[in-house]
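Visitor: I've got some time and plenty of "why do you call it that" questions. Can we go through this one together, with the definitions on the table?

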Amino acid sequence: MAQQIAKTAGHPSLRLGVSACLMGKAVRFDGGHSRDRLLTGPAAPFAELVPICPEVEMGLGTPRPTIRLQREGELVKLVRPADGEDLTARMRAWAEQRVEQIAKMDLSGYVLKKDSPSCGMERVRVYDQNGSPGRDGRGIFAEILMERLPLLPVEEDGRLHDARLRENFFERAFAYDRLRKLFVKGWTAGDVVRFHSSEKLLLLSHDPRSCSELGRLVAAVKSHNREEFAERYQRVFMGALAKKASPGRQVNVLEHIAGYFSEKVEASERAEIVSILEDFRKGLVPLAVPVTLIRHQVERFELDYIASQSYLSPHPKELSLRSHL
Ligand code: SF4
C-alpha cells in the first residue's frame, strides 16, 4: 500500500508555455525583464518552461518603442504610438502560425504576463481615440492562444499571487497533463473507466453536476464515437475543474473519505477529524491540515480506492499550494 500511495503522489514535470520576460529574459521594450519568483523558484523543479516573446519573435527587437491596444470603431488594433504604425495584421499573422506550433508542443498550461498588449490575459488597457484607457482588453497573442487551445489552463503572473487562483492553475495543469496522456493514442474503455474512477473525488470537490455527467458518459463509453467521446469528456472535465472548489465542497469530499474508515477508528480520533473539518470550514486552518490527517488514515487502513484518488495529491506537496487555502 505504501508503494501505491507513493506512486499516486508522484508527479511528472509539466511543460508550461510562459511569456519569456517572466523567466528573466531581457526581452521587454526597455531591455529589462519581469522575472517571476514562483515560476523560476518553487515551481522550477516541476516545470519545463517554454519561453515565448511575441514581440521579439515577430521582429520588433529589444529595446523597442512601446506599443498599445487602441479602439477604432468596433475594432481593437495594436499600434505603435511613436510612428502610428498599425501592427495588428502582422501580430495576428505571426500569432496564428506560432500557436499552430504551440499546439504540437504538449503544453499542460501557459503563464502570461499581465497588462501586455500582446500577452495580457484580461483587463489590458485599450485606448480610445482621445487617448483615454479602458481596462477591457486582451493581448492579441493571448486572444489567439486561448481561442485555438480552449482547454489549455492559462493564467497571468499577477493572478498567481492569489493563493486560490495559484492552486487552481496548478491543479488544472497537472490534471490536463493526466487527461492528455489518457487520450493521446489507443485508449480503451477500461482506461477511461479507471481514469474517471481515480479523478472522481477531485471532480466532486469542484462540480458535482459535471462529475455526474461525466459518470454517465463513461458508463456508455462503448456506444459513443471515439473522437466525439474524447472531445466531450475533456471539455466537461476541464470545465469542471475551472469552477471554484469551495470550502463546503472540500468538506463534503473529506467527510465522504472519512466515511470509509470512521467505523474503524477510536471515538477520540473521529472527534478530532470532525473538529478539524469544522476548523477548516471556519477558515481557522488551511486545507492541508484535514487532508494530511485523512491521508494518514487512508494509509493506515490501506484503502486502495481512496489512495488512488488524485484528490489526495493533485500537485507536488513541495509547492505547498494547499497550505494557503
Ligand atoms: S509581455 Fe510578452 S511581448 Fe512583452 S516582453 Fe513579455 S513576453 Fe515579450
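Guide: Sure, and let's begin with a definition: contact means heavy atoms within 4.5 Å. One caution before we use it: this is a predicted model, where local features need pLDDT of at least 70 and side-chain atom pairs count only at pLDDT 80 or more, while totals for chains, interfaces and linings use all residues. Residues are numbered from 1 along each chain as its sequence is written, and side-chain values use heavy atoms, with hydrogens and water left out.

Visitor: Which residues is Leu 182 in contact with, leaving aside its neighbours within four places in sequence?

Guide: Trp 187, Asp 191, Val 192 and Phe 195 are the contacts of Leu 182 once those neighbours are set aside. Leu 182 itself sits in helix 6, residues 163-183. Helices here are DSSP runs of H or I with at least four residues, strands are runs of E with at least two, and both are numbered from the N terminus.

Visitor: Why does Leu 182 count as buried or exposed, whichever it is?

Guide: Buried means under 20% relative accessible area, exposed over 50%, and partly exposed in between, with a 1.4 Å probe and protein chains only. Leu 182 has 11% relative accessibility, so it counts as buried. By contrast with those contacts, take Val 111: its C-alpha atom and that of Leu 182 are separated by 24 Å, with their positions 71 residues apart along the chain.

Visitor: What makes Ile 257 buried or exposed?

Guide: Its relative accessibility is 0%, so Ile 257 counts as buried. It lies in helix 10, residues 247-258. Not counting residues up to four places away in sequence, Ile 257 touches Leu 201, Ile 294, Val 298, Ile 306, Tyr 311 and Leu 312. Arg 295 is 38 residues away from Ile 257 in sequence and 9.3 Å away in space, C-alpha to C-alpha.

Visitor: What about Arg 135: which class does it fall in, and why?

Guide: Arg 135 counts as partly exposed because its relative accessibility is 35%. It belongs to strand 8, residues 133-137. Beyond its neighbours within four places in sequence, it is in contact with Asp 115, Arg 123, Val 124 and Arg 125. Glu 122 is 13 residues from Arg 135 in sequence, and their C-alpha atoms are 8.2 Å apart.

Visitor: Arg 125 is on that list, so why does it get the class it gets?

Guide: With a relative accessible area of 36%, Arg 125 is partly exposed. Arg 125 is in strand 7, and it touches Leu 69, Pro 133, Gly 134 and Arg 135, residues up to four places away in sequence not being counted. The C-alpha atoms of Arg 125 and Gln 70 are separated by 8.5 Å, the two being 55 residues apart along the chain.

Visitor: What is unusual enough about Arg 123 to mention its phi?

Guide: Most residues other than glycine have a negative phi, and most peptide bonds are trans. Arg 123 has phi near 55 degrees, a positive value in a residue other than glycine. You'll find Arg 123 in the loop between strand 6 and strand 7 (124-127). Ser 320, which is not a glycine either, has a positive phi of about 50 degrees. Ser 320 is in the segment after helix 13 (304-307), and it counts as partly exposed because its relative accessibility is 32%.

Visitor: And where is there a cis peptide bond?

Guide: It joins Thr 62 and Pro 63, with omega about -10 degrees. Pro 63 lies in the loop between helix 3 and strand 3.

Visitor: Which residues of helix 5 are buried, and what covers them?

Guide: In helix 5 (residues 140-148) the buried ones are Ile 140, Phe 141, Ala 142, Ile 144 and Leu 145. Their cover includes helix 3 (54-57), strand 3 (68-72), strand 4 (75-80), helix 4 (88-102) and strand 6 (109-112).

Visitor: How many residues surround the ligand?

Guide: There are 13, and the closest are Ala 20, Cys 21, Cys 53, Lys 113 and Cys 119. A residue is near a molecule if one of its heavy atoms lies within 4 Å of it.

Visitor: Finally, how much of the whole chain counts as buried?

Guide: Of its 325 residues, 48% count as buried. The chain has 13 helices and nine strands.
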